[in-house]
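The following exercises are to be worked with the sequence and the coordinates at hand. Each task is followed by a solution in steps.

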Amino acid sequence: MKKRKQKKISNKTKLFMIILLVPIAVTTFTLSAIIWTSVQHPELIKKSASTLLEFQDRHTGTTIPEEYIPIYKDAAEEYNIPWTLLAAHHRIETRFSTMDPLLSPAGAEGHMQFMPCTFVGWSYPGCSGLGKGDIPEKDKTDPAIIKQHGGYGVDANGDGIADPYDIEDAIFSAANYLSKSGAADGDIEKAIFHYNHSDKYVEDVLWFFNEFESQRLANE
């Protein structure tokens with residue numbers, strides 16, 4: 001009985017097969033590594049995803065809406081602070097007022113996210129903790145009540161009401177707060193930290209502040 005002759009695979013064919021298989025092997029290895037890492041270290045995957053989302057978020061909101069710039073500038077001049085700092089806070093707090101509703105789960109209100117007790121004044125009866133308080137709307141927006149209790153709310157448009165949901169009142173109130181928190185003396189980081197006691201918040205606001213300052217200088 002005759003034996004069949006086995007066909008020999010040429011070196012050229014072997015090389016071609018190896019070239020084809022290498023990308024598959026690399027992809028399989030990479031996917032296996034990702035799956036193993038996600039099982040063994042899920043916090044690392046979360047952190048990487050969070051970092052990517054943060055990068056994307058920062059670079060999709062660097063254009064200041066034109067309609068707000070005159071208000072920033074007027075408020076900044078009134079309270080002797082950089083107008084770009086107000087723009088940075090506005091961007092971080094409510095994405096230039098595109099957040100809906102303009103009310104946080106913690107109770108911060110309006111375009112610049114003031115806690116009611118900070119807006120009206122911490123000496124108002126019942127103000128404690130985070131500052132949500134139990135303040136009637138008529139007191140919350142009354143300039144006389146705000147002055148009495150040392151709040152930062154401002155009636156910027158002269159309608160007799162200091163309203164965190166009015167864009168002018170909100171921005172002037174933020175300027176008032178930042179100014180008295182150190183920004184008028186040039187201590188920007190201190191002022192930002194007073195606005196929100198978080199190192200991450202300070203980092204985020206400073207990033208946009210520096211970005212907007214660069215834009216301002218480029219346009220002047």
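The exercises below concern a predicted model and proceed from the whole chain to single residues.

**Exercise 1. The chain as a whole**

Determine how many helices and strands the protein chain contains, and what share of its residues is buried.

*Solution.* Step 1: the protein chain has ten helices and zero strands. Step 2: read from the N terminus, the order of elements is α-α-α-α-α-α-α-α-α-α. Step 3: of the 220 residues in the protein chain, 40% are buried. Step 4: among contacts with a separation of 6 or more, 51% are between residues 24 or more positions apart.

**Exercise 2. Packing of H3 and H8**

Describe the geometry with which H3 and H8 pack, and state which residues meet.

*Solution.* Step 1: locate helix H3 at residues 69-79 and helix H8 at residues 167-180. Step 2: the angle between them is about 35 degrees, and their axes are 9 Å apart. Step 3: the crossing of H3 and H8 is right-handed. Step 4: H3 contributes Ile71, Tyr72, Asp74, Ala75, Glu78 and Tyr79, while H8 contributes Ile167, Glu168, Ile171, Phe172, Ala175, Asn176 and Ser179. Step 5: sorted by character, the residues of this contact comprise eight nonpolar, two polar and three charged.

**Exercise 3. Length and N-terminal cap of H10**

Test whether the end-to-end distance of H10 agrees with the expected span, and identify the residue that caps the N-terminal end of this helix.

*Solution.* Step 1: helix H10 covers residues 199-219, which is 21 residues. Step 2: the expected span is 1.5 Å times one less than the number of residues, so H10 should span 30 Å. Step 3: the end C-alpha atoms of H10 are 30 Å apart, and the two values therefore agree. Step 4: the cap is Ser198, which has a side-chain oxygen 3.3 Å from the backbone nitrogen of Lys200. Step 5: the buried residues of H10 are Tyr201, Val202, Asp204, Val205, Leu206, Phe208, Phe209, Phe212 and Glu213.

**Exercise 4. Backbone features between H4 and H5**

Find the cis peptide bond, and examine phi at Arg95 and at Ser97.

*Solution.* Step 1: most residues other than glycine have a negative phi, and most peptide bonds are trans. Step 2: Asp100 and Pro101 are joined by a cis peptide bond with omega of about 5 degrees. Pro101 belongs to the loop between helix H4 (83-94) and helix H5 (116-120). Step 3: Arg95, although not a glycine, has a positive phi of about 50 degrees, and Arg95 also lies in the loop between H4 and H5. Step 4: Ser97, in the loop between H4 and H5, has a positive phi of about 65 degrees. Step 5: Ser97 counts as buried because its relative accessibility is 18%, under the cut-off of 20%. Arg95, with a relative accessible area of 42%, is partly exposed.

**Exercise 5. Surroundings of Thr118 and Pro82**

Decide whether Thr118 is buried or partly exposed, do likewise for Pro82, and list the contacts of each residue.

*Solution.* Step 1: Thr118, in helix H5, has 13% relative accessibility and so counts as buried. Step 2: beyond its neighbours within four places in sequence, Thr118 contacts Gly151, Tyr152 and Tyr177. Step 3: Pro82 sits in the loop between H3 and H4 and, at 25% relative accessibility, counts as partly exposed. Step 4: not counting residues up to four places away in sequence, Pro82 touches Ala76, Ile188 and Phe209. Step 5: Phe209 is also one of the buried residues of H10. Step 6: Pro82 and Ser179 are 97 residues apart in sequence, with a C-alpha to C-alpha distance of 9.6 Å.

Note on methods: Residues are numbered from 1 along each chain as its sequence is written. This is a predicted model: local features need pLDDT of at least 70, side-chain atom pairs count only at pLDDT 80 or more; totals for chains, interfaces and linings use all residues. Side-chain values use heavy atoms; hydrogens and water are left out. Axes are lines fitted to C-alpha atoms, for helices over the stretch in contact, and angles run from 0 to 180 degrees between N-to-C directions. Helices (H or I, at least four residues) and strands (E, at least two) are DSSP runs, numbered from the N terminus. A crossing is left-handed if the near helix is turned anticlockwise from the far one by less than a right angle, and right-handed if clockwise. Contact means heavy atoms within 4.5 Å. Ala, Val, Leu, Ile, Met, Phe, Trp, Tyr, Cys and Pro count as nonpolar, Asp, Glu, Lys and Arg as charged, and the others, Gly among them, as polar. Buried means under 20% relative accessible area, exposed over 50%, partly exposed in between (1.4 Å probe, protein chains only). A polar contact is a pair of N or O atoms within 3.5 Å; within protein, one must be able to donate a hydrogen and the other to accept it, and residues adjacent in sequence count only if both atoms are side-chain atoms.
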